[in-house]
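Me: I am new to this structure and would like a close look at a single part of it, taken slowly and with its surroundings explained. Please begin from the question I put below and build the picture outward from there.

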Amino acid sequence: MKEKIIIRAMKESDLDHAIELWNHSFQAGYSQTFDTKKRLINYLKRNPGFSTVAYVSNEMIGALLCGHDGRRASVYNTAVKPEYRKLGIGRKMEKRAISEFKKVGITTGFLFINVKNPGSKDFWESIGWTVIDDIKYLYKQF
Ligand SMILES: CC(C)(COP(=O)(O)OP(=O)(O)OC[C@H]1O[C@@H](n2cnc3c(N)ncnc32)[C@H](O)[C@@H]1OP(=O)(O)O)[C@@H](O)C(=O)NCCC(=O)NCCS
(Lines give C-alpha, C1' and ligand atoms only; values in the text may rest on other atoms or scores of the structure.)
Protein backbone atom coordinates (compact mmCIF):
# COMPACT_ATOMS: atom_id res chain seq x y z
CA MET A 1 0.00 0.00 0.00
CA LYS A 2 1.42 3.36 -1.06
CA GLU A 3 -0.57 5.71 1.17
CA LYS A 4 0.70 6.44 4.67
CA ILE A 5 -1.41 4.88 7.42
CA ILE A 6 -1.76 6.93 10.59
CA ILE A 7 -2.49 4.99 13.79
CA ARG A 8 -3.37 7.22 16.72
CA ALA A 9 -5.58 7.67 19.79
CA MET A 10 -9.30 8.03 19.12
CA LYS A 11 -10.78 11.46 19.85
CA GLU A 12 -14.38 12.57 20.37
CA SER A 13 -14.28 14.09 16.90
CA ASP A 14 -13.61 10.62 15.41
CA LEU A 15 -16.80 9.13 16.82
CA ASP A 16 -19.22 9.86 13.97
CA HIS A 17 -16.97 8.03 11.52
CA ALA A 18 -16.23 5.23 13.99
CA ILE A 19 -19.95 4.62 14.61
CA GLU A 20 -20.56 4.49 10.86
CA LEU A 21 -17.68 2.05 10.39
CA TRP A 22 -18.80 -0.25 13.23
CA ASN A 23 -22.40 -0.09 12.05
CA HIS A 24 -21.43 -1.29 8.59
CA SER A 25 -18.85 -3.84 9.75
CA PHE A 26 -20.55 -6.18 12.20
CA GLN A 27 -22.64 -8.86 10.56
CA ALA A 28 -23.90 -9.80 13.99
CA GLY A 29 -25.20 -6.26 14.29
CA TYR A 30 -24.04 -3.15 16.05
CA SER A 31 -26.34 -1.69 18.66
CA GLN A 32 -26.69 2.02 18.01
CA THR A 33 -29.30 2.17 20.75
CA PHE A 34 -26.67 0.97 23.25
CA ASP A 35 -23.52 2.52 21.80
CA THR A 36 -24.92 6.01 21.43
CA LYS A 37 -22.52 8.84 20.71
CA LYS A 38 -23.18 10.20 24.22
CA ARG A 39 -22.24 6.90 25.85
CA LEU A 40 -19.12 6.61 23.69
CA ILE A 41 -18.06 10.18 24.60
CA ASN A 42 -18.36 9.22 28.27
CA TYR A 43 -16.34 6.09 27.63
CA LEU A 44 -13.53 8.03 25.93
CA LYS A 45 -13.50 10.55 28.81
CA ARG A 46 -13.13 7.74 31.36
CA ASN A 47 -10.52 5.99 29.22
CA PRO A 48 -8.52 8.64 27.41
CA GLY A 49 -5.78 7.56 25.03
CA PHE A 50 -6.44 3.82 24.68
CA SER A 51 -9.04 3.52 21.92
CA THR A 52 -7.33 3.70 18.57
CA VAL A 53 -8.13 4.72 15.02
CA ALA A 54 -6.43 4.23 11.67
CA TYR A 55 -6.57 6.86 8.95
CA VAL A 56 -5.40 7.18 5.37
CA SER A 57 -5.35 10.87 4.58
CA ASN A 58 -8.76 12.14 5.85
CA GLU A 59 -10.47 8.75 5.63
CA MET A 60 -11.01 6.65 8.75
CA ILE A 61 -10.19 3.07 7.82
CA GLY A 62 -10.12 1.43 11.25
CA ALA A 63 -11.40 1.90 14.80
CA LEU A 64 -10.88 -0.05 18.02
CA LEU A 65 -12.69 0.81 21.24
CA CYS A 66 -10.98 -0.20 24.48
CA GLY A 67 -10.29 0.83 28.03
CA HIS A 68 -9.50 -0.55 31.48
CA ASP A 69 -11.01 -0.61 34.95
CA GLY A 70 -7.74 -0.33 36.87
CA ARG A 71 -7.17 -4.10 36.82
CA ARG A 72 -7.69 -5.36 33.31
CA ALA A 73 -8.18 -4.03 29.83
CA SER A 74 -11.37 -4.63 27.86
CA VAL A 75 -11.43 -4.48 24.09
CA TYR A 76 -14.72 -3.79 22.34
CA ASN A 77 -15.74 -2.70 18.86
CA THR A 78 -12.95 -3.37 16.38
CA ALA A 79 -13.31 -2.93 12.64
CA VAL A 80 -11.32 -2.15 9.53
CA LYS A 81 -12.92 -0.97 6.27
CA PRO A 82 -13.35 -3.95 3.91
CA GLU A 83 -11.00 -2.62 1.24
CA TYR A 84 -8.19 -2.23 3.81
CA ARG A 85 -8.49 -5.64 5.52
CA LYS A 86 -5.69 -8.22 5.73
CA LEU A 87 -3.07 -5.47 5.54
CA GLY A 88 -2.11 -5.58 9.21
CA ILE A 89 -4.18 -2.56 10.26
CA GLY A 90 -6.21 -4.42 12.91
CA ARG A 91 -2.97 -5.80 14.31
CA LYS A 92 -1.37 -2.32 14.39
CA MET A 93 -4.36 -0.79 16.21
CA GLU A 94 -4.30 -3.57 18.83
CA LYS A 95 -0.54 -3.17 19.25
CA ARG A 96 -0.86 0.56 19.88
CA ALA A 97 -3.64 0.07 22.43
CA ILE A 98 -1.63 -2.58 24.28
CA SER A 99 1.44 -0.38 24.42
CA GLU A 100 -0.71 2.34 26.04
CA PHE A 101 -2.09 -0.15 28.58
CA LYS A 102 1.42 -1.28 29.48
CA LYS A 103 2.42 2.32 30.23
CA VAL A 104 -0.16 2.36 33.05
CA GLY A 105 0.63 -1.14 34.33
CA ILE A 106 -2.25 -3.01 32.69
CA THR A 107 -0.87 -6.22 31.26
CA THR A 108 -3.94 -8.44 30.76
CA GLY A 109 -7.23 -7.98 28.99
CA PHE A 110 -10.50 -9.56 27.99
CA LEU A 111 -12.60 -9.26 24.90
CA PHE A 112 -15.66 -11.05 23.68
CA ILE A 113 -16.54 -11.89 20.12
CA ASN A 114 -19.79 -12.63 18.43
CA VAL A 115 -19.22 -15.86 16.54
CA LYS A 116 -21.57 -14.56 13.84
CA ASN A 117 -18.84 -12.14 12.76
CA PRO A 118 -16.85 -14.32 10.36
CA GLY A 119 -13.09 -14.26 10.86
CA SER A 120 -13.20 -12.46 14.17
CA LYS A 121 -12.02 -15.48 16.22
CA ASP A 122 -9.24 -16.20 13.70
CA PHE A 123 -8.18 -12.58 13.73
CA TRP A 124 -7.87 -12.36 17.52
CA GLU A 125 -6.15 -15.73 17.77
CA SER A 126 -3.71 -14.70 15.02
CA ILE A 127 -2.64 -11.74 17.12
CA GLY A 128 -2.16 -13.73 20.31
CA TRP A 129 -5.53 -13.82 22.11
CA THR A 130 -6.68 -17.13 23.58
CA VAL A 131 -10.26 -18.41 23.64
CA ILE A 132 -11.16 -19.55 27.16
CA ASP A 133 -13.62 -22.39 26.72
CA ASP A 134 -14.78 -22.70 30.33
CA ILE A 135 -15.89 -19.10 30.78
CA LYS A 136 -19.37 -17.94 29.79
CA TYR A 137 -20.22 -14.30 29.40
CA LEU A 138 -23.23 -13.32 31.54
CA TYR A 139 -25.48 -10.32 31.07
CA LYS A 140 -28.07 -8.45 33.11
CA GLN A 141 -30.02 -5.32 32.34
CA PHE A 142 -30.59 -3.00 35.32
C1 LIG B 1 -11.53 -8.60 12.11
C2 LIG B 1 -10.88 -7.37 11.45
C3 LIG B 1 -10.93 -6.18 12.44
C4 LIG B 1 -9.42 -7.71 11.12
O5 LIG B 1 -8.76 -6.53 10.67
P6 LIG B 1 -7.55 -6.63 9.63
O7 LIG B 1 -6.90 -5.29 9.55
O8 LIG B 1 -8.03 -7.21 8.36
O9 LIG B 1 -6.57 -7.68 10.34
P10 LIG B 1 -4.99 -7.81 10.11
O11 LIG B 1 -4.69 -7.58 8.68
O12 LIG B 1 -4.28 -6.95 11.09
O13 LIG B 1 -4.77 -9.34 10.44
C14 LIG B 1 -4.03 -9.79 11.56
C15 LIG B 1 -4.01 -11.29 11.51
O16 LIG B 1 -5.35 -11.81 11.60
C17 LIG B 1 -5.65 -12.64 10.48
N18 LIG B 1 -6.99 -12.38 10.00
C19 LIG B 1 -7.55 -11.17 9.82
N20 LIG B 1 -8.81 -11.31 9.34
C21 LIG B 1 -9.01 -12.64 9.22
C22 LIG B 1 -10.10 -13.42 8.73
N23 LIG B 1 -11.22 -12.84 8.30
N24 LIG B 1 -9.98 -14.76 8.73
C25 LIG B 1 -8.84 -15.35 9.16
N26 LIG B 1 -7.77 -14.67 9.62
C27 LIG B 1 -7.86 -13.32 9.63
C28 LIG B 1 -4.67 -12.18 9.41
O29 LIG B 1 -4.46 -13.23 8.49
C30 LIG B 1 -3.45 -11.82 10.20
O31 LIG B 1 -2.69 -12.97 10.53
P32 LIG B 1 -1.19 -13.13 10.02
O33 LIG B 1 -0.46 -11.88 10.39
O34 LIG B 1 -0.74 -14.34 10.75
O35 LIG B 1 -1.32 -13.28 8.54
C36 LIG B 1 -11.59 -7.00 10.12
O37 LIG B 1 -11.64 -8.15 9.30
C38 LIG B 1 -13.01 -6.50 10.30
O39 LIG B 1 -13.23 -5.30 10.45
N40 LIG B 1 -14.01 -7.42 10.28
C41 LIG B 1 -15.41 -7.02 10.41
C42 LIG B 1 -15.74 -6.60 11.82
C43 LIG B 1 -15.43 -7.70 12.82
O44 LIG B 1 -15.84 -8.84 12.67
N45 LIG B 1 -14.67 -7.30 13.88
C46 LIG B 1 -14.29 -8.20 14.93
C47 LIG B 1 -15.37 -8.23 15.90
S48 LIG B 1 -14.90 -8.96 17.38
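How many bridges join strand 3 to strand 4, and do the two run parallel or antiparallel?

Reply: The model is a predicted one, and everything that follows should be read with that in mind. Strand 3 and strand 4 are joined by 6 bridges, and the two strands run antiparallel. One of the pairs can be named: G62 has V80 in strand 4 as its bridge partner. Between the two strands lie 4 residues, which makes the pair a hairpin, and G70 in the turn has a positive phi of about 100 degrees.

Strand 3, which spans residues 59-68, also has a partner on its other flank, for the sheet has the order 1-2-3-4-5. Strand 2 pairs with strand 3 over 5 bridges, again in the antiparallel sense, and E59 in strand 3 is the bridge partner of V56. These two strands likewise form a hairpin, here with 2 residues between them. S57 sits in the loop between strand 2 and strand 3, and its phi is positive, about 55 degrees, although S57 is not a glycine. Most residues other than glycine have a negative phi, which is a reason to look at this turn with some care. S57 counts as exposed, because only 9 other C-beta atoms lie within 10 Å, and 12 or fewer is the cut-off for that class.

Moving outward, the sheet as a whole is open, has 5 strands and shows mixed pairing. Strand 1 (5-9) and strand 5 (109-111) stand at its edges with a single partner strand each, so one side of each has no neighbour in the sheet. Neighbouring strands are turned by 25 degrees against each other on average, direction ignored. At the strand 1 edge, 5 bridges connect strand 1 with strand 2, and these two run antiparallel. I5 stands opposite V56 in strand 2, and V56 is also the residue whose bridge partner in strand 3 is E59, so that this one residue links the two pairings.

How much of strand 3 is buried? Of its 10 residues, 8 are buried, so strand 3 is largely enclosed by the rest of the structure. Part of its surroundings is helix 3, which lies across strand 1, strand 2, strand 3, strand 4 and strand 5 and runs at about 35 degrees to strand 3.

The same region takes part in the largest nonpolar core, which has 24 residues, and A18, A63, L64, C66 and A97 touch the most other members. At least two residues of this core come from each of helix 1 (15-25), helix 2 (37-46), strand 2 (52-56), strand 3 (59-68), strand 4 (73-80) and helix 3 (89-103). In soluble globular proteins, nonpolar side chains tend to be buried together. A18 can serve as an example of how the core is connected, since, leaving aside residues up to four places away in sequence, A18 touches M10, V53, M60 and A63.

From strand 4, A79 offers a second view of the same surroundings. A79 counts as buried because 23 C-beta neighbours lie inside 10 Å, where 20 or more are required. Setting aside residues up to four places away in sequence, A79 touches L21, W22, S25, G62 and A63. With A63 in particular, the C-alpha atoms are 5.6 Å apart in space, while the two residues are 16 apart in sequence.

After strand 4 the chain enters a loop leading to helix 3, and K86 has its place in that loop. The phi of K86 is near 60 degrees, a positive value in a residue other than glycine, and K86 counts as exposed because it has 10 C-beta neighbours inside 10 Å.

Strand 4 also contributes to the shell around the ligand, as strand 4, helix 3 and helix 4 (120-126) each supply at least two of its residues. Of the 20 residues in this shell, R85, G90, N117, G119 and D122 come nearest to the ligand. Helix 4 gives the largest share, 4 residues, and by class the shell has 8 nonpolar, 8 polar and 4 charged residues.

Terms used
Residues are numbered from 1 along each chain as its sequence is written. This is a predicted model: local features need pLDDT of at least 70, side-chain atom pairs count only at pLDDT 80 or more; totals for chains, interfaces and linings use all residues. A nonpolar core is a set of buried Ala, Val, Leu, Ile, Met, Phe, Trp, Tyr and Cys residues joined through C-beta atoms within 7 Å. Two residues are in contact if their C-beta atoms, placed from the backbone, lie within 7 Å. A residue is near a molecule or strand if its C-beta atom, placed from the backbone, lies within 6 Å of it. Ala, Val, Leu, Ile, Met, Phe, Trp, Tyr, Cys and Pro count as nonpolar, Asp, Glu, Lys and Arg as charged, and the others, Gly among them, as polar. Two strands pair if DSSP finds at least two bridges between them. Axes are lines fitted to C-alpha atoms, for helices over the stretch in contact, and angles run from 0 to 180 degrees between N-to-C directions.
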